[in-house]
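Q: Please take one part of this model and look at it closely. Keep the sentences short, and explain each term as it comes up.

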Amino acid sequence: MSDGVARVILEGFPASEGIARGRVRRVVRDVPVAPHVTVPDDERTREIERFRHARRRARCELEEIKRETENRLGSIEARIFDPQILMLDDPEVVEGTRRYISESRLSAARAFDWCMLELKERWSRTSHPMVLDRLNDLEDLKGRILSRLLGLPDPWSPVGDSGGTVAVARDLTPSFVARLDPSRVVGLAADGGTRTSHWAILARSLEIPAAAGLGDVSTRARDGQEIIVDGLSGRVVIEPDASEADRFERRRAAMRGWRREGTESPREESVTLDRQGVTLRANLDLPGEAARARRLGADGVGLFRTEFLVVGRSTMPGEEEQYRAYRSVAEAFPSRAVFIRTFDLGGDKFPVFLRTPPEDNPFLGRRGVRVCRDEPELFLTQLRAILRATVHGDVRIMVPFVNAASEMVSVRNLLDRAAEQLRAEGFEIKRPVKVGAMIETPAAALATRNLATHADFLSIGTNDLVQYTLAVDRTSTGLAHLFDPFHPAVLRQIAMAARAGETAGLEVSACGEMATRPLGALLLLGLGVQSLSVAWRSLPEIRRLVRCCRLDEVRAAAAAALEAPTGNRVKQALSASLAVTLERGRYPAGS
Ligand code: PEP
Ligand code: MG
């Protein structure tokens, strides 16, 4: 405990669920700078040869990391290293460096450094956020090759030798995270990155709690300081005071208990004290998570994000690869619904292979279902792959970022085309397949009744609904304090959408982060949402919560919260009316 030392609280993005408490180990990745060295004419061939040799070594190392990752985590996770391996043969990198060596007589290190700088400069000019991950790959590769050429040690010094380590860095890279030992490195905190960063995906697979986008954690934290990382809220506390440390400790202990219960009795029903069943499904980012979610008793999958198939890829994912991924998730839940969300591209995720012009406001631009119209081949391939997977379970299709019924009609038309093609080719498919709309914008929430006429189910994406209702960028750490899922305007829209869905006889679920937080989950149920889909690791906690609440009490609490004038008052009203429920579930204060 570190009373008396100034504590620092930083708010970032949740990158990998769980709470970690340990000691800071700053990971300084200084990508070396190559000094300006020229070589005599007759040494140019030797420099070109040195560059070739450094690339060859880098390839061997990356392939080794990829192999290890495949063995430890799976083939999808291992593919995260493909862009770096491909970059080693990129003509711009290879020819560019050779040219600088032969024409400008630069040393191999300097020539490569210049070439990478040029590439970085060009990529940085595009405003596509997905390029950021490529920039991160580029820096990782640059550090690896330059260290070889300059005879320096690996820029990523190993961490975790003493156990209980929280690695703190400016930015992390996939090759660093993939090799961590979770029994020693218990948490990660980075200035940069988001939930979709490659390193964050690997942290989730390794079950290492992580917070990203913290701004300046790497300069604020010092080696050996005590640090808490809350990977669910994205909050980091350096040198917590006694009461804070105690609160986190109790929450961590409670989470461990729920997890144990969840694994020991995963089939315990998700039913309230007044015997109302609540369907509890899992949110998945990768196919490999399906088996883990099933072990924790998920009633199916309420959100299977499919962007892993395009993030960081330089080519479009093929139908066969997609079919295998969708099939594996469907087979993990033979008699449960699996909602596969079609690609939600745009906003902070745009694949480089689409080569679309940059937009000034990507979050208000071509996103989700809007991209479908402009990229029918990409979506047709995805719909074909999903349709083929329908024979392996109860597969349903969920459409993101819908504003109007006409968009659902377009998707259904494309789906008919995909089905016709498949039938003509002799594939077996199950029809009709259910198609649902996500409610993620005020337009969708306020006009749910219209959308419902063209949807078989509805799912409220609270992350985006909050973002678009409050006009607060969900990726901006500077605005994190304004991102309030309990804002009255958000509550009213959720209530309206739930009511409209119920009137239309459709199942209304919620799949944003709000459902993963105890108060948020209770509020959603109280506002009329019938089923929840939560990050798979939070299943035991939320099931426990459902089993400790009475739906009539939760509804009354939500009705009172709907009258509150501000987000804070909403939270106060809920905490007061649900205090008994939280106590029953032994939820620490501040849940
Ligand atoms: C949401 O917006 O709440 C949601 C679940 O989708 P995503 O977080 O993938 O945008
Ligand atoms: Mg969304």
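A: What follows is a close look at one helix, α18, and its surroundings.

First, the ground rules. This is a predicted model, in which local features need pLDDT of at least 70 and side-chain atom pairs count only at pLDDT 80 or more, while totals for chains, interfaces and linings use all residues. Residues are numbered from 1 along each chain as its sequence is written, chains are lettered from A and ligands numbered from 1 in written order, and side-chain values use heavy atoms, leaving out hydrogens and water.

Start with the helix itself. Helix α18 covers residues 462–470. Helices here are DSSP runs of H or I with at least four residues, strands are runs of E with at least two, and both are numbered from the N terminus. Eight of the nine residues in α18 are buried. Buried means under 20% relative accessible area, exposed means over 50%, and partly exposed lies in between (1.4 Å probe, protein chains only). The buried residues are T462, N463, D464, L465, V466, Q467, Y468 and L470. They pack against β13, α16, β14 (457–460), α19 and α20 (518–526). Just after the helix, A471 takes a positive phi of about 55°.

Now the metal. D464 of α18 and E440 are the protein donors of the magnesium ion (ligand 2), through OD and OE, and lie 2.0 Å from it. Donors are N, O and S atoms within 2.8 Å of the metal (3.2 Å for Na, K and Ca); water is not among the atoms, so sites may look incomplete. E440 sits in the loop between β13 (435–439) and α16 (442–446), 24 residues from D464. E440 is buried, at 2% relative accessible area. D464 is buried too, at 2%.

Last, the neighbour α19, residues 488–503. The two axes come within 10 Å and cross at roughly 125°. Axes are lines fitted to C-alpha atoms over the stretch in contact, and angles run from 0 to 180 degrees between N-to-C directions. The helices are therefore oblique to each other. Under 35 degrees counts as roughly parallel, over 145 as roughly antiparallel, 65 to 115 as roughly perpendicular, and the rest as oblique. From α18, T462, L465, V466, T469 and L470 meet A489, V490, Q493 and I494 of α19. Contact means heavy atoms within 4.5 Å. By class, the contact residues are six nonpolar, three polar and no charged.

Key. Ala, Val, Leu, Ile, Met, Phe, Trp, Tyr, Cys and Pro count as nonpolar, Asp, Glu, Lys and Arg as charged, and the others, Gly among them, as polar.
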